[in-house]
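Q: Got a minute to go through a model with me? I'd like the fold, then one helix, then the surface.
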Amino acid sequence: MQSNDDLGKLIVRATLAIMILFHGVSKLVTGVDPVMGMLAKAGLPGGIAYLVYIGEVIAPLMILLGIWARLGAVIVTVNMIVAVALAHGAQFFTLGKTGGWALELQGFYFFIALAIALMGAGRYSMAGASGKWN
C-alpha cells in the first residue's frame, strides 16, 4: 500500500511557507519600522528588526522549496516566539472575539513549523527525502 505521507508534508510545507511569505513580502514593501519600534520599546537594538526578513522571507522559501527545510522551520519557530513576545504577549492567555484563542494564527505558525522541523520535507522537495536537513 502506497503512503501519501510525502504529499501531506508538501501540502503542510506549502501552506505554512505561503502564509508566512505574505507577512514577509509586506515587510519588504513597507519596511520594518514597526518592528524596530517594538524592539526599541523592549530595550533591544532596532537593527535586529532586519532579521525578520530571514524569518519571514528566506526561511519560508527554504521550507517551500524543501532546501534545508528543517532549519527553515526552526527559524520560523524562533521567529514566532519573538513575534509573540514582542507584539502579542498580552494576548497569550486571552480569547478572541469569536471565542477562539487570540493567538491561534501565531500558534498555528509555531506548531506547524515545529512539526516540519521534526518530520522533514519529504521526497517532494528540491533536496529530496534524504537531502541535508530534510
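What follows is a short chat about this model.

A: Sure. This is a predicted model: local features need pLDDT of at least 70, side-chain atom pairs count only at pLDDT 80 or more, and totals for chains, interfaces and linings use all residues. Residues are numbered from 1 along each chain as its sequence is written, and side-chain values use heavy atoms, leaving out hydrogens and water.

Q: How many helices and strands does the protein chain have?
A: Five helices and zero strands, taking helices (H or I, at least four residues) and strands (E, at least two) as DSSP runs numbered from the N terminus.

Q: How much of the chain is buried?
A: 34% of the 134 residues. Buried means under 20% relative accessible area, exposed over 50%, partly exposed in between (1.4 Å probe, protein chains only).

Q: Which residues are buried in α4?
A: A69, G72, A73, V76, T77, N79, M80 and V84. They sit on the same side of α4, because their arc around the axis is only 165 degrees (taken from the directions from the helix axis to the C-beta atoms).

Q: What covers them?
A: The cover includes α1 (5-30), α3 and α5 (104-119).

Q: Switching topic: where is L51?
A: In the loop between α2 (33-41) and α3 (52-65).

Q: And why does L51 count as exposed?
A: Because its relative accessibility is 51%.

Note on methods: Contact means heavy atoms within 4.5 Å.
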